[in-house]
Amino acid sequence: MNKYVERVYNGVIKENPTFVLMLGMCPTLAVTTSAMNGIGMGLTTAAVLIMSNMLISMLRRMIPDKVRMPAFIVVVASFVTIVQFLLQAYLPELNESLGIYIPLIVVNCIILGRAEAYASKNPVVLSILDGLGMGLGFTAGLTLIGAVRELLGSGSIFGLQVMPDSYEPLTIFILAPGAFFVLAMLTAIQNKLKLKSATNGEGAQEGERLACGGGCAQCVGRVCEANHDRLNAATADSNGKKEEQK
Amino acid sequence: MDLYHVSASPHTRDKATTGRIMADVAIALIPASAFGVYYFGLNALVILCVSVLTCVLTEYLYEKWMKKEQTPYECSALVTGLLLGMNLPAGVPLWIPVIGGIFAILVVKQLYGGLGHNFMNPALAARCFLLICFAARMTDFEVTALADSGASSDTAYLLLNGAAGVDGISGATPLAVLKEGGTPDLADMFFGWTGGTIGETSALMILIGAAYLLIRRVISIRIPLTYILTVVVFALCFGGRGADVSYLLGQVLGGGLLLGAFFMATDYVTSPITPAGQIVFGVLLGVFTGIFRIFGGSAEGVSYAIIFCNLLVPLIEKATMPAAFGCKRRRKR
């Protein structure tokens, strides 16, 4: 895969900030009461992330290592201020509903995390694409959580009524506990799709990664014991390859 | 193949199994639920059945799909279903026990690893889930009197709505009356002729079941006794009515306190195993129930108090774990 495409893919799927890295949980849980809020928060963060990644990558040789954190914060805070003024001017309603979470983007772990882990060490274009991928991944995560919560909690998606009138909304889903339920369920579903479980699968293919090592009491005497051996073999194999490369 | 259980001596053999204990709890719940059915009619019976069936079926399907061991004879899902049904008003539509049952078994119990791993009481967690989702339906205890019902057939109406249908039940439960400064009839509350959820109205029937559990030594008296006493003391100190006996007894007999104290706070999985811990647990339950009832927005607080204290159980156990014989209690580091 092309290294530019790989950055975007990495952000959206492989290291999705919401479902895989579990970063930025505060806005994820707090503002996703509706799909619209989710997409608004996601895109705002994405915009800040792309610009801050770009600037930090440009300045990466100038920022002294010892004061890099304050420097990152100054860069991020400037962009957040700009974005907030823009939101206030052009999307006042969204600004209203996101409230304090817009200024809080300054200390969002995803943005500081990408600055620290990627943008401060890599060239500009790749950093921008990394920001784009992570931002889109975050937007996708938040929109999905928001849509599910809105669907269950008020029977609509993006404000459009989709459930029949007789549907009584499960109010808990637009309250705080619902955010945890939905986040956990969606994470479980994407884990299920990504990683085969050794305990319950019919047997993973050669070299596939497994969610469970097959070593627990539940696994004894089941199909996963065979998987366990296969997994051990695969791990030993890949470790061997890594050492060879070294 | 099962794993062999290896443990250090001393060993003892006992006939107690999960299935037997749960069956005992189910038997002990029979008087209260039978009274509920008599008092609230066939509606209540259908709700109890739907709730139990949903729980048992959810557990069966989950265990089947997840290729786990089937545990129908442990009766735990049955007890959860029964308790959940007893915690619902008789007038709720049937999809409410279905949603509650699925939530109790699937989310609260099985996703955390099944019986023994659930961190809060499934039936109560489901009740609180429903209470937050459908506040209006879950607190509507009103039963229309036969004379005002306009029912075409008196017998059918009474069959459906039970003894409560004769005179009807006003919307205010005894606790709501107490909260507003009134005094409900204590004899009615003791025998159960008041509004409330299906299983909580009759203190007498709950006490009969509790006595059975105590005699069978399924539960110990520590948690229920400290719980109820703490509620009384709390109401005495902060209730604002001083030593008014009818107020204090009303707090004990009203709402779900007795049902919660004897049947739900004593759940093995979600209560401390150490005797000292059980007393601490009971006191905490009483304090929280008192706070929720007297200073909180709603009249009842037993469910929230129990599931909140369930979360504190690991801490309580850690603090009250006795030292093994011959060992000194470990000092703080």
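Q: How many aromatic pairs does a search of the whole structure find over all chains?
A: This is a predicted model: local features need pLDDT of at least 70, side-chain atom pairs count only at pLDDT 80 or more, and totals for chains, interfaces and linings use all residues, while side-chain values use heavy atoms and leave out hydrogens and water. Residues are numbered from 1 along each chain as its sequence is written; chains are lettered from A and ligands numbered from 1 in the order in which they are written. Rings of Phe, Tyr and Trp (its six-membered ring) pair if their centres lie within 6.5 Å. Over all chains, the search gives an aromatic pair count of 19.

Q: Is the aromatic pair of A:Phe173 and B:Phe129 stacked or edge-to-face?
A: Planes under 30 degrees apart count as stacked, over 60 as edge-to-face and the rest as tilted. The ring centres of A:Phe173 and B:Phe129 are 6.3 Å apart, with 85 degrees between the planes. That makes the pair edge-to-face.

Q: Which helix of chain B holds B:Phe129, the partner of A:Phe173?
A: This pair crosses between chains. A:Phe173 sits in the loop between β2 (160–161) and α8 of chain A. Helices (H or I, at least four residues) and strands (E, at least two) are DSSP runs, numbered from the N terminus. On the other side, B:Phe129 belongs to helix α5.

Q: How many residues apart in sequence are the parts tied together by B:Phe238 and B:Phe295?
A: These two rings are also edge-to-face, at 6.1 Å centre to centre and 65 degrees between the planes. B:Phe238 lies in helix α13 (residues 222–238) of chain B, and B:Phe295 in helix α16 (residues 275–295) of chain B. So the pair ties together parts whose separation in residues is 57.

Q: Is B:Phe295 buried or exposed?
A: Buried means under 20% relative accessible area, exposed over 50%, and partly exposed in between (1.4 Å probe, protein chains only). Its partner B:Phe238, at 46%, is partly exposed. B:Phe295 has 54% relative accessibility, so this residue counts as exposed.

Q: How many disulfides does the structure hold over all chains?
A: A disulfide is a pair of cysteine sulfur atoms within 2.5 Å. The sulfur of B:Cys49 is 12 Å from the closest cysteine sulfur, in B:Cys55, so the gap is too far for a bond. B:Cys128 also fails, because its closest cysteine sulfur, in B:Cys133, is 11 Å away. The disulfide count over all chains is zero.

Q: Where is the kink in α4(B) centred?
A: Helix α4 of chain B has 15 residues (95–109). The expected span is 1.5 Å times one less than the number of residues, so 21 Å is expected, and the end C-alpha atoms are 20 Å apart, which agrees. A bend is the angle between axes fitted to the seven residues ending at a residue and the seven starting there. The kink is about 25 degrees, centred on B:Phe103.

Q: Which helix of chain A helps cover the buried residues of α4(B)?
A: The buried residues of α4(B) include B:Ile96, B:Phe103 and B:Val107. Among the helices of chain B that cover them are α2 (42–65) and α3 (76–86). From chain A comes α8 (176–194).

Q: Which residue takes a positive phi just after α14(B)?
A: Helix α14 (residues 245–253) of chain B has buried residues, including B:Tyr247 and B:Leu253. Their cover includes α12 (203–215) and α15 (257–264) of chain B. Just after the helix, a positive phi of about 65 degrees is taken by B:Gly255.

Conventions
Contact means heavy atoms within 4.5 Å.
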